[in-house]
Amino acid sequence: MSEWGRYPRILAVCWRAAVSTELEYRANFVSNTVLSVFWVSWAAAGVSVYFQFSDSLAGWTYAELLVVIGLFFAVNGLRQAMLEPNLDRLGEYIRLGTLDFLLTKPVDSQLLVSLRHLSVNNLLDPLIGLALVTVGIVRSGHGLSAAATASFVVVFTAALALLYALMLALMAFTVVLKSADGVDQIGFGVVELSRFPVQLYRRPIQTMLTVAPVAFLTTFPALALLERLDPVMLLVSPAVAIASVSLATVLWRRAMRGYTGASA
């Protein structure tokens with residue numbers, strides 16, 4: 001088996017262990033799922049206020065806005081379930097010397113440190129978010145064509161890669177700073193900006209969020225589903241994602257080269 005071919009099996013073992021550990025507290029899982037459903041419903045109900053006297057807002061109808069909000073909950077759910085638990089633990093790894101131990105493993109340190117843990121409490125959030133996306137699509141009256149679905153898969157995959165790149169870059173900074181205090185708030189803040197379409201922000205901020213690239217997380221995938229995405233973005237999104245992951249990987253490797261161990 002090739003070097004990269006064994007990594008899915010390694011991750012599967014880590015995730016099974018994480019799920020087994022966290023499911024010892026099933027009441028937490030159930031209560032968090034109920035709370036997630038509440039917050040999604042609250043967000044959908046809250047944004048309806050803006051449409052009491054208008055059929056659209058910056059070119060978005062209420063049903064179309066539900067698609068964006070649903071994608072936000074899906075993306076944020078993946079951040080909370082797969083990426084944030086690993087970022088939160090990294091500061092502890094550095095302080096206790098666990099990172100030194102992980103670096104001795106015959107596995108790529110980036111993979112092991114960034115994807116080792118799961119938060120079961122948020123594992124259903126992406127599905128809840130996608131359920132709201134489905135509601136938005138149905139209410140909007142848009143048919144879901146094969147072309148729209150394929151475009152969405154391409155752009156949303158790029159969005160998830162961008163999210164991973166962001167969290168990996170934050171992990172690299174955590175290693176350099178030797179502390180994760182407050183770093184996770186940067187990731188939360190960036191994702192929070194994608195809660196609404198970038199068109200709802202003022203023009204200079206729209207440009208900034210497109211370049212950042214916050215718009216790639218939810219706005220562009222939503223436009224793909226609604227068949228309103230500029231075809232150029234089908235090429236730009238994967239290119240931006242690949243460049244971002246590559247840059248984040250470089251930052252991680254440089255941070256590892258400068259890491260001198262817990263005793264330093």
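Helices here are DSSP runs of at least four residues, numbered from the N terminus. With that in mind, the predicted model can be explored one helix at a time, and a good place to start is E64, which sits in helix α3, residues 62–96.

E64 has a relative accessible area of 7%, and because buried means under 20%, this residue counts as buried. Its surroundings come from other parts of the chain: with neighbours within four places in sequence left aside, E64 is in contact with G59, S140, H142, L226 and R228. The rest of α3 follows a similar theme. Of its 35 residues, 27 are buried, so the helix is largely enclosed by the rest of the structure.

The course of α3 is also worth following by eye. From its first C-alpha to its last, the helix reaches 49 Å, close to the 51 Å expected for its 35 residues at 1.5 Å a residue. Along the way there is a kink of about 45° at L83, shortly before the proline P85. After the helix comes G97, whose phi is positive, near 90°.

Attention can now turn to the interior. In soluble globular proteins, nonpolar side chains tend to be buried together. In this model, the largest nonpolar core has 74 residues, and those with the most contacts inside it are L90, L99, V175, F220 and W252. Helix α7, residues 146–177, gives the most to this core, with 16 residues. L90 offers a closer look at the packing: not counting residues up to four places away in sequence, L90 touches L99, V113, M171, T174, V175 and W252.

What does the length of α7 look like beside its expected span? At 1.5 Å a residue, the 32 residues of α7 should span 46 Å, and the end C-alpha atoms are 47 Å apart, which agrees. Just after this helix, K178 takes a positive phi of about 60°.

Helix α11, residues 233–258, can be examined in the same way. Its 26 residues should span 38 Å at 1.5 Å a residue, and the 37 Å between its end C-alpha atoms agrees with this. The buried residues of α11 are M233, S237, A241, S244, A248, T249, W252, A255 and M256. Which elements cover them? The cover includes α3, α4 (98–103), α5 (109–115), α7 and α10. T249 makes a handy example from this set. Its relative accessibility is 13%, and it counts as buried because the cut-off for that label is under 20%. Leaving aside neighbours within four places in sequence, T249 is in contact with Q110 and L168.

From filled space, the description moves to empty space. Rolling a probe the size of a water molecule over the atoms shows where empty space is left. The largest pocket found in the model has a volume of about 380 Å³. Of the 23 residues that line this pocket, the closest to its centre are W39, V40, F72, F73 and R195. Helices α2 (26–47), α3, α6 (125–140) and α8 (183–192) each supply at least two residues of the lining. Among the contributors, α2 gives the most, with nine residues.

Two residues in these pocket-lining helices show an in-between state. S41 is in helix α2. At 43% relative accessibility, S41 counts as partly exposed, since this label covers values between 20% and 50%. S41 and I128 are 87 residues apart in sequence, with their C-alpha atoms 10.0 Å apart in space. F188 is in helix α8, and at 35% relative accessibility F188 is partly exposed too. For F188 and I137, a separation of 51 residues in sequence goes with 26 Å in space, C-alpha to C-alpha.

Finally, some loops deserve a look at their backbone angles. Where does A58 lie? A58 is in the loop between β1 (56–57) and β2 (60–61). Its phi is near 55°, a positive value in a residue other than glycine. At 44% relative accessibility, A58 counts as partly exposed. E227 is found in another loop, the one between α10 (219–225) and α11. E227 has a positive phi of about 60° although it is not a glycine.

Conventions: Residues are numbered from 1 along each chain as its sequence is written. This is a predicted model: local features need pLDDT of at least 70, side-chain atom pairs count only at pLDDT 80 or more; totals for chains, interfaces and linings use all residues. Side-chain values use heavy atoms; hydrogens and water are left out. Buried means under 20% relative accessible area, exposed over 50%, partly exposed in between (1.4 Å probe, protein chains only). Contact means heavy atoms within 4.5 Å. A nonpolar core is a set of buried Ala, Val, Leu, Ile, Met, Phe, Trp, Tyr and Cys residues joined through side-chain atoms within 4.5 Å. The expected span of a helix is 1.5 Å times one less than its number of residues. The bend at a residue is the angle between axes fitted to the seven residues ending there and the seven starting there. On a 1 Å grid over the protein atoms alone, a cavity is a set of points where a 1.4 Å probe fits but cannot get out, and a pocket is an open set with protein on both sides within 12 Å along at least five of seven lines; lining residues have an atom within 4 Å of a point. Grid points are joined across faces, edges and corners, and a volume is the space filled by probe spheres set on the points.
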